[in-house]
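Student: Could you show me how to read the packing and the strand pairing in a model like this one?

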Amino acid sequence: MKNFWRFIFRRSLPAASLCHMDFAVLGLGDSSYARFNFVAKKLYRRLLQLGGSALLPVCLGDDQHELGPDATIDPWLHNLWEKVLGPQPVPLDPPGVPWPSKFTLQFLQEAPRTCSEELRVARTDPQGPPSELQPVLAPMVTNRRVTGPSHFQDVRLIEFDVAGSGLSFAAGDVVLIQPENAASHIRQFCQVLGLEPDQHFTLQPQEPDVPCPKQLPQPCSVRCLVSQYLDITSVPRRSFFELLACLSPHEREREKLLEFSSAQGHEELHSYCTRPRRTILEVLCDFPHTAGAIPPDYLLDLIPPIRPRAFSVASSQLAHPSRLQILVAVVQYQTCLKEPRRGLCSSWLASLDPGQGPVRVPLWVQPGGLTFPQMPDIPVIMVGPGTGVAPFRAAIQERVARGQTENILFFGCRRRDQDFYWEAEWKELEKQGCLTLVTAFSREQEQKVYVQHRLRELGPLVWELLDRQGAHFYLAGNAKYMPADVSDALMSIIQEEGGLSGPDAAAYLARLQRTLRFQMETWA
């Protein structure tokens with residue numbers, strides 16, 4: 001893909017290079033990100049520039065649409081097939097016939113001498129740098145709730161011992177953690193599918209070029225497969241229902257599954273599955289005859305793998321060489337379903353108690369989206385409401401350790417006594433002259449006050465730092481409304497304090513972004 005991208009954007013390509021080519025571009029994106037479907041849009045424009053003929057306008061699938069990306073993709077695909085195949089298209093696939101599974105599970109008559117769980121624990125001394133295929137099994141040192149008892153959300157400060165692990169990290173980096181399914185969910189899954197948790201198998205690919213998942217040991221137990229690999233608590237996509245319908249021997253259940261997997265049934269699927277966030281496990285329990293008939297060979301085709309979760313590193317290796325800290329908001333919310341919805345990784349982490357015995361968590365580190373200036377005299381303005389403050393704590397610790405004292409932090413939360421993370425630490429740094437702290441407590445007065453309001457109040461200072469002293473501006477936190485509100489506040493400051501017009505202020509802000517003096521890290 002990289003080679004193709006470099007080639008297609010060569011300036012030396014003639015404008016009529018693709019004059020004999022028809023094309024269509026389908027983009028898969030998420031509109032909560034600032035550069036929504038950027039690649040699809042840019043590719044579409046470039047193919048037109050080179051003389052290509054677009055069969056259809058570019059399709060921009062959006063994960064944030066209430067009906068998911070299929071809401072846009074379904075009608076676009078219908079139009080595409082009409083264009084390509086004509087008014088009487090032939091069926092693309094035989095209906096109701098499952099495609100061959102990628103793997104076969106060859107069950108062993110006897111359990112191997114070394115079980116899969118022991119193999120995972122044996123990887124505490126990895127060869128080479130820690131990675132997804134070879135994570136560090138880091139001991140958890142502390143797991144402490146840092147929100148008040150009456151606060152609506154359980155937020156944890158979790159600390160790991162990384163001495164001798166080979167991990168190296170800097171401010172702005174993220175730690176990736178590989179979670180596990182809950183024991184109760186593993187039992188329920190095995191029961192509804194008729195699987196024996198302690199049975200072992202080897203995995204064999206059906207095609208010679210298809211590698212086995214490297215995260216799974218060989219041989220592997222069913223318990224290990226379900227606990228560490230299959231994402232049974234994720235919300236299934238439409239393709240899940242499509243394959244499940246093909247595997248179903250039960251007429252009434254198969255009819256319902258086919259309805260859910262059709263383009264015409266997407267609203268009913270949304271009501272049944274997407275809106276209430278119904279999980280794969282819950283769907284299988286709702287279709288017991290089908291679940292009990294699923295061939296084990298299809299488990300890896302049907303259920304996606306558990307993906308690692310990323311958390312901003314909240315401590316500096318310069319300040320604490322043998323420790324790595326993260327700030328974790330435990331995800332839990334209610335839908336129309338009786339059982340509360342819970343985040344897999346955050347709930348799993350919250351359940352671990354190092355006080356009850358040794359706890360090891362598989363993790364590794366990779367660069368994040370934020371980079372901080374190394375020069376000692378450059379001021380840094382950081383806006384981090386809620387848990388968005390985590391990467392800035394690492395940055396402040398790192399900068400103070402280097403003698404960089406021009407640090408301005410805008411922090412917002414609900415109440416001073418409930419969710420003011422690291423209050424004592426910030427105040428001590430203020431006393432030392434290493435930090436300027438600006439707070440916004442949104443629920444402590446009748447009129448809600450957020451970080452963007454504090455930014456506007458201190459507009460002259462922000463402009464002085466940005467325009468006269470070359471400050472870098474950083475923003476981290478929830479992607480829903482806050483990033484746009486803070487960006488609007490910054491635009492107003494640039495216009496009012498800098499005396500610039502709207503277009504000139506937008507160009508100024510774009511220049512800050514282009515030169516990495518304005519950086520954002522947001523999440524949905």
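Student: Which residues does Phe 241 touch, not counting residues up to four places away in sequence?

Tutor: This is a predicted model, in which local features need pLDDT of at least 70, side-chain atom pairs count only at pLDDT 80 or more, and totals for chains, interfaces and linings use all residues. Residues are numbered from 1 along each chain as its sequence is written, and side-chain values use heavy atoms, with hydrogens and water left out. Contact means heavy atoms within 4.5 Å; on that basis Phe 241 touches Pro 236, Leu 257, Phe 260, Ser 261, Leu 269, Tyr 272, Cys 273 and Val 283.

Student: How many residues of helix H7 are buried?

Tutor: Buried means under 20% relative accessible area with a 1.4 Å probe, protein chains only, and helices are DSSP runs of H or I with at least four residues, strands E runs of at least two, numbered from the N terminus. In helix H7 (residues 238–247), 8 of the 10 residues are buried, so the helix is largely enclosed by the rest of the structure. The buried residues of H7 pack against several helices, including H3 (70–85) and H8 (251–261).

Student: Which strands stand at the edges of the open sheet?

Tutor: Two strands pair if DSSP finds at least two bridges between them. Here 3 strands form an open sheet in the order E5-E9-E10, with antiparallel pairing. Strands E5 (103–107) and E10 (220–221) are at the edges, each with a single partner strand, so one side of each lacks a neighbour in the sheet. Strand E9 (residues 200–205) pairs with E10 over 2 bridges, and the bridge partner of His 200 in E10 is Ser 221.

Key
Buried < 20%, exposed > 50% of the residue type's maximum accessible area, 1.4 Å probe, protein only.
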